[in-house]
Amino acid sequence: MAILVGKGSQVLIQGITGREATMVTKQMLDYGTPVVAGVTPGRGGQNVDGVPVYDTIKAACKDHQLNTSIVYVPPAAVLDAVLEAVDNGIELIIIITENIPQMDALKLLQPAQARGVQIIGPNSVGIISPAERCKLGAIGGDKVERCFVPGTVGVISRSGGMTAECSWMVKRAGYGVSTSVSIGGDALIGTKPHTLLPLFEQDDLTEAVVLFAEPGTGFEEQVSASLESGEFSKPLIAYVAGRFTEHLPSGTVFGHAAAMIEGDAGRPSSKIERLSQAGALVAEQFDEIIPLLQQALR
Amino acid sequence: MARILEDHGKGLLAECKIPIPTGKAAATAAAAAQSAQEIGFPVAIKALVPVGKRGKAGAIAFADNEKEALDRAEKILGMTVSGYPVEQVLVEQKLAIAREIYLSITIDKAAQRVAIVASSLGGVNIEQLSREHPDKVSKTHIDPLVGLPGYKAIEIWSDLGLTGKLLRQASTILIRLYRMFVRYDATLAEINPLVLTEEETIVAADCVLNIDENALYRQPALADSVQPGSDRAWRPLTELEKSLIEASAKEAYRGTARYTEFDGGDIGFMCGGGGASLLLMDALSRAGGRPANYSEIGGNPPESKVYSLCKGILSKPGVKGLFLAHNITNNTQIDLMAKGVVAALDEMGIDPKVFPVVVREAGTHDEEGRQIFIAAGIEYHGDDITLDEAALLMVEKMRRAYPDYDQWEGAE
C-alpha cells in the first residue's frame with residue numbers, strides 16, 4: 001500500500017484547461033495516474049489528452065466516482081473551487097496554487113475540516129506513491145524515476161523542491177519511497193506533518209519517515225508529541241534547515257511564507273533539541289540522512 | 001504582509017467610523033508647527049515610520065506651543081528609527097486620557113482562525129501583559145465564515161469588566177474594526193491604546209495595520225499605501241533589493257526571484273527553491289564560506305528574470321565568487337537558468353575560468369542546461385553531487401582562487 005493516493009484514486013483536475021494544468025495532466029497520465037475528469041466552467045464537452053472536461057464537478061460526478069481533486073485555478077478562484085469540491089463529496093483535495101489570500105485560506109480550511117475532507121496545500125507540488133504508479137501534481141517533473149522509486153520510506157516536506165531532493169537522498173541511500181508528500185509552503189495549510197504520521201504508522205509498506213523541517217511554526221513540537229505518545233513508532237529521520245536565521249534580526253521571512261520565527265518553538269535549534277529528545281534521528285548535515293536511514297533500516 | 005503607515009491606517013479607521021484624533025502629516029518642521037497651530041495645543045508629534053516602539057526610541061513627543069512644536073518636529077524629522085529615516089511626522093491633537101484599553105485583530109496561524117485580542121488595560125506591551133496578568137487579556141477565535149456577531153463583541157468586553165456607556169462604545173468599535181479587517185484583507189489591525197477621553201468619548205490613539213500582500217490584487221484603494229516586499233526586511237530595502245523587486249515584478253507572470261542583501265560577504269548566493277536555499281545557506285556557512293546575500297529562485301522563472309537576479313547578485317561590491325545551486329527541480333527549467341546566468345556573466349565581463357563559479361543544477365531540461373554551461377566554460381554538476389557537497393566545493397574553489405581566503409574580512 002501507500003498513503004493518500006494510489007490505485008483507488010479517481011482523480012479530477014480543477015482548472016484542467018490552464019497552461020500548467022494541461023502540461024501536468026499529460027505527465028500524470030503518462031505515469032499511470034487515474035485522471036478521469038477535469039473541470040473548467042464554460043469548457044464543458046472539450047477534452048484534454050482524452051480526459052473529458054465538465055462545466056461543474058456536479059456534472060462530472062454523474063459520469064465518474066470521483067474521490068480526489070487537484071486544484072490548478074488562479075489564486076482568486078481557489079476558495080470557490082475548494083468549496084465546490086467539498087460540496088460534491090471529494091475526500092482529498094490537493095491545492096497546487098500559491099499566493100492565496102489568507103482570509104480565503106481560512107474560509108476554505110474550515111468547512112473542509114468540518115466535513116472530514118483532507119486538504120493538502122495550498123502551495124503544494126503534489127503527492128506521489130511510486131509503487132502504485134500514482135502521482136498528483138508536477139511532482140517528479142518529466143523524469144519521475146530520477147527521485148522517486150518504489151520503496152519503504154515516507155517523505156514529508158513543506159518545500160516541493162525538497163520533497164524531490166529528500167526522496168532522491170532516500171534513493172541514494174539504497175531505498176525508495178512509499179509516498180512522498182509536499183504539504184505546501186503557505187502560512188495556512190490543510191495538512192500538518194503530525195497528522196500524516198498516523199497514516200504512515202498504519203501503512204504496512206512504510207518502514208521509516210524522512211521529515212524536512214524549516215524555521216517557524218509549531219509543527220516539530222507536534223511531531224515530537226506524536227513520537228512520545230507512541231502514535232508514531234517507526235524511525236523518524238529529520239533535518240532542520242535555516243539555522244542561520246537565528247543570527248539575523250527577527251521579523252524577516254526566509255524560505256516559505258510561514259518560516260518566520262515567532263517565539264522559541266519556531267527556532268531551528270529548539271526544533272532540533274525537541275525532536276532529538278523525542279527520539280527522532282536528527283541529521284546534523286543534510287548528507288547525514290543517508291547513514292541515519294541505513295542505520296534505521298538495517 | 002505589507003505595512004500601512006499610521007496616517008493612512010487612521011484614515012481607514014475614520015472611514016469605518018472609528019473615531020481618531022484630529023491630525024495631519026507634515027514633511028517639514030515648519031509645516032508641522034503650522035498644522036499644530038490649526039489643530040490647537042497641546043499636540044502630539046509622532047514619527048511616521050513602519051515600525052513599532054517609537055515611544056522608546058524618542059520618536060513621539062508633545063508640544064504646548066508653536067516653538068515647542070517646531071523644535072520637536074525638527075528633532076524627530078532628523079531621526080532614524082530602526083533603520084528608517086523619518087521623512088514625515090504626524091501632528092495630532094493630544095488626547096485628555098481618562099482610561100486606556102487594548103484591541104487587536106489578527107490571523108492565528110496555529111489555530112487557523114481569526115483572533116480578537118482585547119484587554120482592559122491599554123498602552124501596554126500585550127505579550128508581556130498576557131504573561132503576567134492573563135486575566136486582563138482575552139483571546140477569542142472567530143470563524144470567518146460566520147463573522148463576528150454583535151453579542152460576541154459585547155461578551156468580549158463584558159468579560160473584561162467593562163460596563164455602561166464604555167461597554168457599548170467599545171463593542172461598536174470592535175464590530176467596526178472587524179468589518180475593516182475583513183474588508184481590507186488585513187493580517188493585523190491593532191489599536192493600542194484605545195482611549196477613553198475625559199469627555200467620555202472613545203478614540204483610537206494609535207493604529208498598526210498590516211495588509212495581506214497576496215490580497216492586494218483586490219485592494220486597489222491600498223495600492224499607494226503599501227510597499228510591496230516590505231515583509232522580508234528588518235530594515236528599509238536597499239537600492240539593490242528595490243531594483244531586483246522591480247525587475248521581478250516587471251514579469252510577474254512566472255517564477256519568483258527573491259533577494260536579501262547581507263552586510264559584507266564575498267560569495268554571491270544564487271539558490272533555490274524556498275527550502276533548499278535555507279539548507280544551502282547553512283551548508284555554505286558551515287563549510288567556511290561567507291555569503292554576500294540570500295536568494296530564492298523558484299517557480300520556473302524565464303531567462304530574463306534569472307539574468308536580472310544574477311546580474312544584481314554579481315554587482316554587489318565585494319562579491320568574488322558565484323554559488324549557483326538548487327534542489328532537483330520539479331518544474332524549474334535548468335536550460336533557462338543556464339542561459340540567464342551565462343548572459344549575466346557575459347554582460348559583466350566575468351571570466352568563469354578565473355572567477356570561482358560552482359553549479360549544481362539538476363532537474364527539468366538539465367541536459368540542455370549542462371551543454372550551455374559547458375560551452376560557456378563553466379564546470380557543471382547536476383545530480384552527481386549532493387547539496388552539501390556543492391557547498392564544500394564552492395568554498396574549496398574560493399580557497400584555490402584566493403589562497404588567503406581564510407584571512408579575508410569576516411573570516412572566523
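**Exercise 1. How many bridges join strand 11 of chain B to strand 13 of chain B, and in which sense do the two strands run? Describe the surroundings of strand 13.**

Solution. The model treated in these exercises is a predicted one.

Step 1. Strand 11 and strand 13 of chain B run antiparallel and are joined by four bridges. Within this pairing, Leu188(B) stands opposite Asn210(B) of strand 13.

Step 2. Strand 13 of chain B also pairs with strand 1 (residues 2–4) of chain B, in the antiparallel sense and over three bridges. Here Arg3(B) has Asn210(B) as its bridge partner.

Step 3. Turn next to the faces of strand 13, which spans residues 208–211. Val208(B) and Asn210(B) lie on one side, Leu209(B) and Ile211(B) lie on the other, and all of these residues are buried. Both faces of the strand are therefore covered, since a residue counts as buried under 20% relative accessible area.

**Exercise 2. Which parts of the chain does the salt bridge between Asp206(B) and Arg54(B) link? Place the pair in its network.**

Solution.

Step 1. The side chains of Asp206(B) and Arg54(B) meet in a salt bridge, at 3.3 Å from N to O.

Step 2. Asp206(B) is found in the loop between strand 12 and strand 13 of chain B, and Arg54(B) in the loop between strand 3 and strand 4 (60–63) of chain B. The pair links distant parts of the chain, 152 residues apart.

Step 3. Asp206(B) and Arg54(B) are both buried.

Step 4. The two residues belong to a network of salt bridges that also includes Glu6(B), Lys10(B), Lys46(B) and Glu92(B). Over all chains, the structure holds 35 salt bridges.

**Exercise 3. Contrast the salt bridge of Lys152(B) and Glu155(B) with that of Lys311(B) and Glu347(B).**

Solution.

Step 1. In the pair Lys152(B) and Glu155(B), the closest N and O atoms are 4.0 Å apart. Because these residues are three residues apart in helix 5 (residues 150–159) of chain B, about one helical turn separates them.

Step 2. Lys152(B) is partly exposed at 24% relative accessible area, and Glu155(B) is partly exposed at 36%.

Step 3. In the pair Lys311(B) and Glu347(B), the closest N and O atoms are 3.7 Å apart. Lys311(B) lies in helix 9 of chain B and Glu347(B) in helix 10 (residues 334–347) of chain B, so this salt bridge ties together parts that are 36 residues apart in sequence.

Step 4. Lys311(B) is partly exposed, with a relative accessible area of 28%, whereas Glu347(B) is exposed, with 52%.

**Exercise 4. Are Glu200(B) and Asn300(B), each with a positive phi, buried or partly exposed?**

Solution.

Step 1. Glu200(B) has a phi of about 65° although it is not a glycine. Its place is the loop between strand 11 (186–197) and strand 12 (202–204) of chain B. Glu200(B) counts as partly exposed, because its relative accessibility is 48%.

Step 2. Asn300(B), likewise not a glycine, has a positive phi of about 60°. This residue is in the loop between strand 16 and helix 9 (303–315) of chain B. Asn300(B) counts as buried because its relative accessible area is 10%.

**Exercise 5. Locate the cis peptide bonds at Pro42(B) and Gly273(B).**

Solution.

Step 1. Phe41(B) and Pro42(B) are joined by a cis peptide bond with omega of about 0°. Pro42(B) lies in the loop between helix 2 (29–39) and strand 3 (43–47) of chain B.

Step 2. Gly272(B) and Gly273(B) are also joined by a cis peptide bond, with omega of about -5°. Gly273(B) belongs to the loop between strand 15 (267–272) and helix 8 of chain B.

**Exercise 6. Describe the interface of chain B and chain A.**

Solution.

Step 1. In the interface, 54 residues of chain B are in contact with 60 residues of chain A. The area buried between the chains is about 4600 Å², and carbon and sulfur atoms give 55% of this area.

Step 2. Six salt bridges are found across the interface. One of them joins Asp104(A) and Arg218(B), whose closest N and O atoms are 3.1 Å apart. There are also 21 residue pairs in polar contact between the chains.

Step 3. Elements that give two or more residues to the chain B side include helix 6 (164–183), helix 8 (274–286) and helix 12 (387–401). Helix 8 of chain B gives the most, with eight residues.

Step 4. By class, the chain B side has 21 nonpolar, 14 polar and 19 charged residues.

Key: Residues are numbered from 1 along each chain as its sequence is written. Chains are lettered from A and ligands numbered from 1 in the order in which they are written. This is a predicted model: local features need pLDDT of at least 70, side-chain atom pairs count only at pLDDT 80 or more; totals for chains, interfaces and linings use all residues. Side-chain values use heavy atoms; hydrogens and water are left out. Contact means heavy atoms within 4.5 Å. Buried area is the accessible area (1.4 Å probe) that two parts lose on being put together, summed over both. A polar contact is a pair of N or O atoms within 3.5 Å; within protein, one must be able to donate a hydrogen and the other to accept it, and residues adjacent in sequence count only if both atoms are side-chain atoms. Ala, Val, Leu, Ile, Met, Phe, Trp, Tyr, Cys and Pro count as nonpolar, Asp, Glu, Lys and Arg as charged, and the others, Gly among them, as polar. Buried means under 20% relative accessible area, exposed over 50%, partly exposed in between (1.4 Å probe, protein chains only). Two strands pair if DSSP finds at least two bridges between them.
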